[in-house]
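Please work through the exercises below with the sequence and the coordinates at hand, and try each task before reading its solution.

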4 protein chains.
Amino acid sequence: MSKVYHHPVQIYYEDTDHSGVVYHPNFLKYFERAREHVIDSNRLATLWQEKGLGFAVYKANLTFQDGVEFAEICDVRTTYQFDGKYKTVWRQELWRPDGTRAAVIADIEMVCLDKNKQLQPIPEEILTPLKAGE
Amino acid sequence: MSKVYHHPVQIYYEDTDHSGVVYHPNFLKYFERAREHVIDSNRLATLWQEKGLGFAVYKANLTFQDGVEFAEICDVRTTYQFDGKYKTVWRQELWRPDGTRAAVIADIEMVCLDKNKQLQPIPEEILTPLKAGE
Amino acid sequence: MSKVYHHPVQIYYEDTDHSGVVYHPNFLKYFERAREHVIDSNRLATLWQEKGLGFAVYKANLTFQDGVEFAEICDVRTTYQFDGKYKTVWRQELWRPDGTRAAVIADIEMVCLDKNKQLQPIPEEILTPLKAGE
Amino acid sequence: MSKVYHHPVQIYYEDTDHSGVVYHPNFLKYFERAREHVIDSNRLATLWQEKGLGFAVYKANLTFQDGVEFAEICDVRTTYQFDGKYKTVWRQELWRPDGTRAAVIADIEMVCLDKNKQLQPIPEEILTPLKAGE
């Protein structure tokens, strides 16, 4: 398993709903932002433009333990590992500023797809740096 | 388990991302819209205004099987059951217009919270109609 | 100027923010949904897939007069006209269920772009039905 | 008029649509994030919790000049001034990394509302620091 990567997320108006806390689907956005920083967004952009390859979430298991409020600056903690040559498995947690436990926990499985939405092995240019960081 | 409820979702520009298909967190939005129609949005609004009670997703397990494209009118199929007096458990699937399997499958657990984010039993005014439809 | 087109929009959790009303950028989403129904989403999808042509908002002037709340079913009222062969000009208003004035008013200018983001005349397959409805 | 404030915005999957560029309503989100950093999010949170006062966009005039793509790190440039004791007027521009002109330009008018959505003068705790930065 990789080391723990940290990514900060500030909660804006856009993130909340009328119940006063973050609207639950938005956590999937934060987790994706964090993964993009681990993988490197420019590497992803190049892979898409040059080879038509992208990553897709195949499974996401989420547990929502605590509400998160406007103006909080949270910490997304990410680790990953490989499961064969097609799948990466991510554990991601969002922690509130003074949290004593994760507010949201996610187990995410990602696969690589070509432009015809066919499964492809994780490409070398992503695999190598991720393996090095594992 | 309840009967199957159907809720149509049309895919607009706002729903897609630059890979050409629906951005994965958005499916959680569609599933919530469908649940609100089963429970009745006005009943939810009243419960929130008069008693400060709302529903929150506690767990969501999602499987993304197929990409969904712009302009498609999809069918969200929802069933639910009760698990004790605190929890409702929902099975929800999104089907594409000519799908031979669900494009996305979700198992969702919901709980009722008061304004202090404390767990409350499912209130009568929601429980009774849901039990009737079960 | 065209006749007035009506498009209903129900306000869900996803639409609101922690101030208790609809988050202001979302009105641009509703106005776009309404325009897509006037133009016909399938016609737009075909135009994109077959000719690589799409529509882009060039200008949007918005006035937000009243907050809109959860569970309300609003009415988006749309009219349009042409301004030369490159530009369509839309007047769109969102009305609350018992509104005595529009809650939000928008004047929108749209243009047609090819995949290289170059300006193109409004294509025949859109122009003709829109002219007929004007 | 105030000095120019800079706020970086990275474009993620969530920001784009199937045409390959940022979905236009999202620019209103970025402009709001930038304003919150100028005003100070914690100050806004306190004002809301303690006095029930918040800011609302009253008018927004937007011009979309260039598409913005995935993985770009853009610069939101913000200036503001006062227009009487009720209104702040903001000029905001989003610049792409190598842009020779603003990709999107916005003129925004904001007002302060209480929990009953009644207009209030800009409160001292916001006015004073903004006046100092003007």
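The exercises that follow concern a predicted model and deal with its chain copies, their contacts and its cysteines.

**Exercise 1. Determine which operation superposes chain B on chain D, and find which residue of chain B comes closest to the axis.**

Solution. Begin from the general description: two copies of a chain are related by a rotation about an axis and a shift along it. For chain B and chain D, the superposition requires a rotation of 180 degrees, with 0.0 Å of shift along the axis, and leaves an RMSD of 0.0 Å. The two copies are therefore related as by a two-fold rotation axis. Now look along chain B for the residue closest to that axis, which turns out to be Asp17(B), whose C-alpha lies at 1.9 Å.

**Exercise 2. Describe the contact between chain B and chain D by its residues, its buried area and its polar pairs.**

Solution. First count the residues: chain B contributes 9 and chain D contributes 9. Next compare the two sides; 100% of the interface residues of chain B are also interface residues in chain D, so the copies meet through the same surface. Then take the area, which amounts to about 890 Å² buried between chain B and chain D, with 67% of it given by carbon and sulfur atoms. Of the area that chain B buries against chain D, 61% is supplied by Tyr13(B), His18(B) and Tyr23(B), more than by any other three residues. Finally, turn to specific interactions: there are 0 salt bridges between chain B and chain D, whereas 4 residue pairs are in polar contact across this interface, both partners being at pLDDT 80 or more. On the side of chain B that touches chain D, the residues divide into 3 nonpolar, 4 polar and 2 charged.

**Exercise 3. Carry out the corresponding analysis for chain A and chain B, starting with the superposition.**

Solution. A rotation of 180 degrees with 0.0 Å of shift along its axis brings chain A onto chain B, at an RMSD of 0.0 Å. In chain A, the C-alpha nearest this axis belongs to Asn61(A), at 2.2 Å. The contact itself draws 20 residues from chain A and 20 residues from chain B. Because 100% of the interface residues of chain A are also interface residues in chain B, these copies meet through the same surface. Between them, chain A and chain B bury about 2100 Å², of which 59% lies on carbon and sulfur atoms. The count of salt bridges is 0 for chain A and chain B, while 8 residue pairs, both at pLDDT 80 or more, are in polar contact across their interface.

**Exercise 4. How many disulfides are there over all chains, and are Cys112(C) and Cys74(D) buried or exposed?**

Solution. The count over all chains comes to 0 disulfides. For the two cysteines, apply the cut-off for buried residues, which is under 20% relative accessible area. Cys112(C) has 0% relative accessibility and therefore counts as buried. Cys74(D), at 2% relative accessibility, likewise counts as buried.

Technical notes
Residues numbered from 1 in each chain as written. Chains lettered and ligands numbered in written order. Predicted model: local features only at pLDDT ≥ 70, side-chain atom pairs only at ≥ 80, totals over all residues. Heavy atoms only, no water. Least-squares fit on C-alpha atoms with pLDDT ≥ 70 in both. Contact = heavy atoms within 4.5 Å. Buried area = accessible area lost by both parts, 1.4 Å probe. Salt bridge = Lys/Arg side-chain N within 4 Å of Asp/Glu carboxyl O. Polar contact = N/O pair within 3.5 Å; in protein donor to acceptor, adjacent residues only side chain to side chain. Nonpolar A, V, L, I, M, F, W, Y, C, P; charged D, E, K, R; others polar. Disulfide = S-S within 2.5 Å. Buried < 20%, exposed > 50% of the residue type's maximum accessible area, 1.4 Å probe, protein only.
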